[in-house]
Amino acid sequence: MLAGKRILLIIGGGIAAYKSLELIRRLQDAGASVSPVLTRAGEEFVTPLSVSALSGTAVHRDLFDLTAEAEMGHIQLSRSADLVVVAPATADLMAKMAQGLANDLASTLLLATDTQVMVAPAMNVRMWDHPATQRNLATLRADGVKVIGPNEGGMACGEFGPGRLSEPDEIVAAVERQLADGPLKGKRVLVTSGPTHEPIDPVRYIANRSSGAQGVALARALASRGGEVVFVTGPASVAPPDGVEVVPVESAHDMLAAVEAALPVDAAVCAAAVADWRVTSASDRKLKKSKDGLPVLAFAENPDILKTISHLEDGRPSLVVGFAAETHDVLQNATAKRKRKGCDWIVANDVSEGTGIMGGTENAVTLISDAGAESWPRMAKSEVASQLADRIAAALAKD
Ligand code: CTP
């Protein structure tokens, strides 16, 4: 998938730097050539010898290496790649990038490059959560830098939380998606997915049976066609795909906020099973059994995300796609839903119990658009996703 692609890999100084050796291997296995750059701090964790032995090329180490400067200046080095990957990206390196500092080879390359940059952060969880790091992250994102990870889990320092470097396989998948030449290259697509959880009290919530499988399959299909996918997902049982920007949310309100933050996009696909109602009387303390009888829950209607996107006056995506999960009168209900929501397409499906579609691996859909209703045969959710992604790409190509 990466045949002929050149990756400039900047290895920052952190305990996770050892994974960069595996990353070099995996990138090469995928067909890429890797030019490694090791920061001074990086050299404390992996040796230049192991990096150059694995990559089969000299390691770039110092800004003032006069031979290298004569043969290939840092400006050229920064621009000759198809992608610049920083892994691990330490808090310090991210801060330098956000500030535009250029006081060593790595930061100079990052400032001088006109190539897409992707960072894979790795650091202690408190450093990751620190407002300064989060500020820098937001700056980097706004500057167009792609971010992969970090993952959550146990860390070398003994703490637990977000801050672990993404696995080499995940980074390679993200690189492949970034460099994928497909019909959706240059298009930004939003996908909402999964159920939402609406709290009743700190330990209880209202949810639904959505597994998120269809949304995950769609995000994967869109990304593999070169799309830049923002995947806003409620608490789903199916894990999000690699190589997309994942924004985890809980409630419908959170989902709307995340969707608004992700705009503008070229297309929006709302596959989430958003709870229609939330509990207005949600308690901040656990509800207890009492002699006074059963608790009474009051409900309020949740924001309709699909409808909100469809009616945007400023920056409406050129294509808005909704799903209609129905248990009866599927076509009739879905056609009315398309009108009511104001979206361009509705993908209707029958989720009544006997179909096994909700939570299952297959789907039987009808695509409703201005052109009419088109029923597709029952097929795997991944195949529905592939065909839908092809249609979306074709529709966006007409813009
Ligand atoms: N949807 C949404 N926000 C909501 C409710 C639904 O974005 N608050 C989106 C879903 O992601 C889906 C479409 O609207 O794309 C239809 O969802 P569905 O649950 O079938 O429809 P409802 O709006 O709940 O309509 P009804 O109550 O008539 O089933």
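Which residue in S11 does Val191 stand opposite? I'll start there and work outwards. This is a predicted model, so please keep that in mind throughout.

The residue is Phe231: Val191 stands opposite Phe231 in S11. The two strands to look at are S8, residues 188-193, and S11, residues 228-233. Strands S8 and S11 pair in the parallel sense, over 6 bridges. As background, strands of a sheet pair through backbone hydrogen bonds, either parallel or antiparallel.

Now the sheet around that pair. It is an open sheet of 8 strands with mixed pairing. Reading across, the order is S12-S11-S8-S13-S16-S17-S19-S20. The edges are strand S12, 245-248, and strand S20, 372-375. Each edge strand has a single partner strand, so one side of each has no neighbour in the sheet. On average, neighbouring strands here are turned by 15° against each other, with direction ignored.

Next, a helix pair. Two packed helices are described by the angle between their axes and the distance between the axes. For helix H10, residues 213-224, and helix H14, residues 381-397, the angle is about 45° and the axes are 8 Å apart. That angle is why H10 counts as oblique to H14. The crossing of H10 and H14 is right-handed.

Who makes the contact? From H10, the residues are Ala213, Gln214, Ala217, Leu218, Ala221 and Leu222. From H14, they are Lys381, Ser382, Val384, Ala385, Ser386, Leu388, Ala389 and Ile392. By type, the contact residues of H10 and H14 divide into 10 nonpolar, 3 polar and 1 charged.

Methods
Residues numbered from 1 in each chain as written. Predicted model: local features only at pLDDT ≥ 70, side-chain atom pairs only at ≥ 80, totals over all residues. Heavy atoms only, no water. Axes fitted to C-alpha atoms, helices over the stretch in contact; angles between N-to-C directions. Helix = DSSP H or I, 4+ residues; strand = E, 2+ residues; numbered from the N terminus. Parallel < 35°, antiparallel > 145°, perpendicular 65-115°, else oblique. Left-handed = near helix turned anticlockwise from the far one by under 90°. Contact = heavy atoms within 4.5 Å. Nonpolar A, V, L, I, M, F, W, Y, C, P; charged D, E, K, R; others polar. Pairing = 2+ DSSP bridges.
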